[in-house]
Amino acid sequence: MELIRLKSKLKVAERGHKLLKEKRDGLMKEFMGIIREARDLRNKVEERMAEGFRAFVFAAADMRFEVTEEALAVPSRKTRLEVDTKNVMSVQVPQFNYSEEGNPVCYALATTSSGLDTSLNIFAESLAEIVRLAQIEHSARLMAVEIEKTRRRVNALEYVFVPEMRRNIKYISNKLDEQERSALVGLMVMKENMSS
Amino acid sequence: MEYSIAIIGSPTAILGFKALGVTAFPVASAEEGRAAVEKIRSGKYGILLITEDWAEELSQEINELKSGTLPAVTVLPSQSGSTGAGEKELRSIVERAVGSDILFSNE
């Protein structure tokens with residue numbers, strides 16, 4: 001009985017192992033594409049942002065802090081972010097859908113320095129890229145966790161669970177064979193005794 | 001569902017984003033930073049942007065946020081330029097998934 005149970009369990013484990021392996025490979029393929037894109041995008045964004053921040057800090061230094069704060073207190077531009085989740089190999093990955101409206105320049109031009117315009121334009125231009133970067137990076141992060149988990153499962157099945165199952169099955173069938181032989185020998189001995 | 005974008009950083013750096021409709025959380029101390037993170041955790045924010053200097057300061061809080069589906073945390077370089085923290089983060093993600101650094105090793 002136990003032998004039959006173990007055999008069917010082994011079959012399930014092996015099938016699970018195969019499926020998980022496929023999942024891991026699929027995730028890996030997806031992941032590599034994403035991570036490459038993330039790296040390139042990050043480099044681009046970092047360059048732009050450093051430039052933008054520098055421009056902004058210089059511009060802000062031209063004015064008093066209160067003036068800057070006041071100028072930017074009531075933003076006229078609205079950003080909307082819609083979030084969908086996409087299912088990649090059972091990992092829930094966010095998909096950002098981002099839209100903006102209005103002009104970023106929401107202040108009096110007379111009281112502010114022109115550097116402010118420059119830096120705001122840089123920010124506005126790179127915001128879409130930043131959103132995209134956020135999406136890709138976060139996807140990569142979530143997928144990395146999932147890949148790690150899946151890989152552990154695959155390894156556990158491959159190196160621990162399946163071999164142990166095989167060993168048990170072998171042990172039981174050996175034992176059963178042994179029992180059969182000893183029963184047979186017993187019968188033969190009995191027959192011998194009876195005939196002599 | 002509609003979400004908004006949040007940004008954490010020093011006041012002088014992130015005010016510009018406010019004009020773009022991003023919710024700005026100017027922080028000057030670690031205490032304020034923690035409060036901001038707390039607010040973001042409970043609010044409807046899809047993306048959290050944080051400048052590198054503050055990401056380091058608040059790393060513990062940020063790491064908790066990172067494991068969830070939302071918000072997506074992204075590190076931006078601060079006004080003093082990029083320190084490579086963002087790239088380091090990517091590298092650690094790769095290492096975690098693949099087991100070794102295969103992307104940046106040849107650079």
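**Fold, core and one helix of chain B**

In this predicted model, chain B is built from five helices and four strands. Along the sequence these elements are arranged as β-α-β-α-β-α-α-β-α. Chain B has 107 residues, of which 45% count as buried. Among its contacts with a separation of 6 or more, 56% involve residues 24 or more positions apart.

Chain A comes with three helices and two strands, and its elements follow one another from the N terminus as α-α-β-β-α. Here 29% of the 196 residues count as buried. For contacts in chain A between residues at least 6 apart in sequence, the share that joins residues at least 24 apart is 83%.

It is helpful to turn next to the interior. In soluble globular proteins, nonpolar side chains tend to be buried together. The largest nonpolar core of this model holds 54 residues, and those that touch the most other members are A:F31, A:A140, B:I7, B:I8, B:I47, B:L48 and B:I50. Helix α3 of chain A, residues 114-195, supplies the largest share of this core, with 14 residues.

Helix α2 of chain B offers a convenient close-up. This helix covers residues 30-42, and at 1.5 Å a residue its 13 residues should span 18 Å; the end C-alpha atoms lie 19 Å apart, in agreement with that expectation. The expected figure is 18 Å because the rise is multiplied by one less than the number of residues. Four residues of α2(B) are buried, namely B:G33, B:A36, B:V37 and B:I40. Viewed down the helix axis, the buried residues of α2(B) fall within an arc of 100 degrees and therefore line one face of the helix. The general geometry is familiar: an α-helix has 3.6 residues a turn, so residues three or four places apart point the same way. On the face of α2(B) turned away from the buried side sit the exposed residues B:E31, B:E38 and B:S42.

A further example of an exposed position is found in helix α4 of chain B, residues 59-66, where B:Q60 is located. B:Q60 counts as exposed because it has 9 C-beta neighbours inside 10 Å, and the cut-off for an exposed residue is 12 or fewer. The separation between B:Q60 and B:I47 is 13 residues in sequence and 18 Å in space, taken from C-alpha to C-alpha. B:I47, at the other end of that distance, belongs to the group of core residues that touch the most other members.

Definitions and conventions. Residues are numbered from 1 along each chain as its sequence is written. Chains are lettered from A and ligands numbered from 1 in the order in which they are written. This is a predicted model: local features need pLDDT of at least 70, side-chain atom pairs count only at pLDDT 80 or more; totals for chains, interfaces and linings use all residues. A residue is buried if 20 or more other C-beta atoms lie within 10 Å of its own, exposed if 12 or fewer, and partly exposed in between; C-beta atoms are placed from the backbone. Two residues are in contact if their C-beta atoms, placed from the backbone, lie within 7 Å. A nonpolar core is a set of buried Ala, Val, Leu, Ile, Met, Phe, Trp, Tyr and Cys residues joined through C-beta atoms within 7 Å. The arc is that of the directions from the helix axis to the C-beta atoms.
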